[in-house]
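Q: Could you take a close look with me at one place where two helices meet, and then show me what surrounds it? I work at the bench, so plain words are welcome.

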Amino acid sequence: MTFLSPTTSLLQQARVLLVGSGRMGHIRAKAIFSNPRFDFAGIVDDNVDGAKKLADVYRSGKDTAISTLYLYTLTTLSSLPQTPHFSSLSDAIHHYSSTPLHGIIISTPTPTHEPLITEAASANLSIFTEKPVDETSSSVKEIFNTIRAHNVSLCCGFQRRFDPSYLSLFNTIRSGGIGTPLTASIFFGDHPVPSRQFLLQGGGNIISDCSAHDVDYIRWVLGDDVKSVYAVGTSSDEELGKAGVIDNATVVLNFQKGTVVTLTLSRGANYGYDQRCEVFGTAGMASVKNITESSTEVSNATGIHRPKWQHSFPQRFEVAFGQELDAFADTLLLKKPWPVSESDCVAVQKVCDAALESCESGQVVNLFA
């Protein structure tokens with residue numbers, strides 16, 4: 001058997017830092033480590049214990065990702081170099097002053113994005129960030145102005161564009177497979193249901209927290225802009241209602257070319273992570289269905305029994321998360337443009353802002369008034 005040499009680099013690697021050791025940080029760390037095009041340079045989090053624990057999971061070192069199989073045959077994982085961890089981005093950038101970094105991956109709450117993006121851009125680092133770039137469309141524009149001044153890339157993650165099923169639907173629509181799109185119905189059912197503490201202490205309105213991915217996706221599929229927005233939100237119980245927490249919502253998007261899209265959002269899909277998209281056109285219909293935990297089906301005297309839908313977004317979009325970061329490697333190493341543009345990010349945020357406004361006012365919000 002021929003093994004890869006641990007000192008032989010088969011691919012050019014992008015040296016990146018991961019900022020954030022929470023739930024999304026764990027997802028991104030796995031994708032970074034498993035991609036041989038990345039050199040995992042470290043984890044940044046002011047929660048030092050969280051950063052250290054995540055660093056302990058993913059050992060690093062030059063070419064580690066490429067030669068993991070070879071190294072594992074010679075040694076135990078615990079003896080490999082530990083991925084460095086830092087309490088601040090400035091400390092991490094200073095640490096690598098003699099061995100330049102290529103970029104950073106931001107997996108922290110939205111309010112932290114702007115200072116991290118600004119600091120990274122000032123150090124000439126390109127940035128991948130979780131959606132949204134920032135909390136309002138005006139602030140998103142300001143951040144992109146900063147990015148242009150430093151001539152680096154800002155790549156906002158909208159993972160549906162990288163999911164095989166959603167990408168297949170996109171190709172079907174764009175190739176005329178269902179004729180002219182007339183209506184679309186999108187359902188977002190969250191699972192597991194977030195804790196009461198999360199919802200009451202900053203979990204946020206479901207429109208601002210959960211609609212952006214589907215808004216970006218349907219704009220991309222239709223190749224069109226939203227003309228007007230109408231939204232209605234409800235609280236599933238009295239305690240949430242008194243706290244002003246909306247955990248169910250319906251948003252109607254009217255597009256400039258005439259397509260009408262209904263987006264239904266709920267925190268309470270207790271049967272599994274429910275993500276569906278259906279587009280109806282003049283010549284047919286195309287849809288993205290849910291994926292079950294397994295393909296096993298049992299038929300007996302009591303009925304036909306199938307597994308639940310996949311548990312949550314880390315399972316449903318695992319492939320998409322990996323493809324998304326591979327596209328970021330293309331941007332860092334091959335200078336390929338990021339597929340989500342500044343205008344996309346601004347437009348999505350404007351729609352989300354308008355949906356929140358409509359939900360509060362009870363009125364249709366026109367985006368091009």
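A: Happily! Met24, Ile27, Arg28, Lys30, Ala31 and Ile32 of helix 1 are in contact with Glu318, Phe321, Gly322, Glu324 and Leu325 of helix 13, where contact means heavy atoms within 4.5 Å. Helices here (H or I, at least four residues) and strands (E, at least two) are DSSP runs, numbered from the N terminus. Sorted by class, this contact of helix 1 with helix 13 has six nonpolar, one polar and four charged residues. In that sorting, Ala, Val, Leu, Ile, Met, Phe, Trp, Tyr, Cys and Pro count as nonpolar, Asp, Glu, Lys and Arg as charged, and the others, Gly among them, as polar.

Before going further, a word on the source: this is a predicted model, in which local features need pLDDT of at least 70 and side-chain atom pairs count only at pLDDT 80 or more, while totals for chains, interfaces and linings use all residues. Residues are numbered from 1 along each chain as its sequence is written, and side-chain values use heavy atoms, with hydrogens and water left out.

Now the geometry. Two packed helices are described by the angle between their axes and the distance between the axes. For helix 1 (residues 23-34) and helix 13 (residues 318-334), the axes come within 9 Å and cross at roughly 65 degrees. Axes are lines fitted to C-alpha atoms, for helices over the stretch in contact, and angles run from 0 to 180 degrees between N-to-C directions. The crossing of helix 1 and helix 13 is right-handed; that is, the near helix is turned clockwise from the far one by less than a right angle, whereas anticlockwise would be left-handed.

Helix 13 also takes part in a salt bridge, through the side chains of Asp326 and Arg37 (3.1 Å, N to O). A salt bridge is a side-chain nitrogen of Lys or Arg within 4 Å of a carboxyl oxygen of Asp or Glu. Asp326 sits in helix 13 and Arg37 in the loop between helix 1 and strand 2 (38-44), so to speak a link between distant parts of the chain, 289 residues apart. The structure holds 20 salt bridges.Strand 2 leads us to the sheet. An open sheet of six strands has the order 3-2-1-4-5-6, with parallel pairing, and two strands pair if DSSP finds at least two bridges between them. Its edge strands, each pairing on one side only, are strand 3 (85-86) and strand 6. Strand 1 (residues 14-19) and strand 4 (residues 103-106) are joined in the parallel sense by four bridges, and Val16 has Gly103 in strand 4 as its bridge partner. Beyond strand 5 (126-130), in the loop that leads to helix 6 (137-150), lies Pro132. The peptide bond from Lys131 to Pro132 is cis, with omega near -20 degrees.

Finally, confidence: the mean pLDDT of the protein is 91, and 90% of its residues reach 70 or more, pLDDT being the predictor's confidence in each residue, from 0 to 100. Over residues 1-9 the pLDDT is below 50, and this stretch has 17 contacts in the model beyond near neighbours in sequence. Residues 62-75 also have pLDDT below 50, with 33 such contacts. Where pLDDT is low, the predicted coordinates should not be read in detail.
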